[in-house]
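These are my notebook entries on the structure shown below. I set down what I looked up, in the order in which I looked.

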Amino acid sequence: MVDFGKLLLALGAIIAIVGLALILLGRTNLPIGRLPGDIIYRGKNATFYFPLATSILISVVLSVLLYVIGRLRK
């Protein structure tokens, strides 16, 4: 039960850090979510939004970050 408590604390800390990073990134004027290549369709009664370019950018950044962390741990 102690290990489960530690896991929950770690997950809570990670969620808090990610939330803080999103708040700080939202205050900058970076066009995350509004990049060229993001698909937006506005109809009369509905809007479809698919952040394709943003998803690819985040995937590349996270892949490089995790690769560097993995190389440093060896």
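Entry 1. In which helix does T54 lie? I located T54 in helix α2, which covers residues 52-73. I note at the outset that the model is predicted.

Entry 2. I next asked whether T54 is buried or exposed. T54 has a relative accessible area of 6%, and it counts as buried because the cut-off for that class is under 20%.

Entry 3. I then looked up the surroundings of T54. Leaving aside residues up to four places away in sequence, T54 touches I32, G33, R34, L35 and D38. With D38 there is also a polar contact, side chain to side chain, at 2.9 Å.

Entry 4. I turned to the overall layout of the chain. I found two helices and two strands, and their order from the N terminus is α-β-β-α. Helix α1 takes up residues 2-27.

Entry 5. How do strands β1 and β2 pair, and over how many bridges? I recorded an antiparallel pairing over four bridges, between β1 at residues 39-42 and β2 at residues 47-50. The connection from β1 to β2 is a hairpin of four residues. At one position of this pairing, R42 stands opposite T47 of β2.

Entry 6. I examined K44, which is placed in the loop between β1 and β2. The relative accessible area of K44 is 84%, so K44 falls in the exposed class, for which the cut-off is over 50%. I also looked up how far K44 is from L72: the two are 28 residues apart along the chain, and their C-alpha atoms are separated by 52 Å.

Entry 7. I considered the overall dimensions. What radius of gyration does the chain have? The value is 17 Å, whereas a compact globule of 74 residues would have one near 11 Å. The C-alpha trace spans about 55 × 30 × 25 Å along its principal axes.

Entry 8. I checked burial and surface for the whole chain. Of its 74 residues, 7% count as buried, and T54 is one of the buried residues. The exposed area of the chain is about 6,900 Å², of which carbon and sulfur atoms supply 73%.

Entry 9. Lastly, I consulted the confidence values. The chain has a mean pLDDT of 91, and 100% of its residues reach 70 or more. Among the elements, β2 has the highest mean pLDDT, at 94, and helix α1 the lowest, at 91.

Key
Residues numbered from 1 in each chain as written. Predicted model: local features only at pLDDT ≥ 70, side-chain atom pairs only at ≥ 80, totals over all residues. Heavy atoms only, no water. Rg over C-alpha atoms; globule rule 2.2 N^0.38 Å. Buried < 20%, exposed > 50% of the residue type's maximum accessible area, 1.4 Å probe, protein only. Areas by Shrake-Rupley, 256 points an atom, 1.4 Å probe, with all protein chains shown as cover. Polar contact = N/O pair within 3.5 Å; in protein donor to acceptor, adjacent residues only side chain to side chain. Contact = heavy atoms within 4.5 Å. Pairing = 2+ DSSP bridges. pLDDT = per-residue confidence, 0-100.
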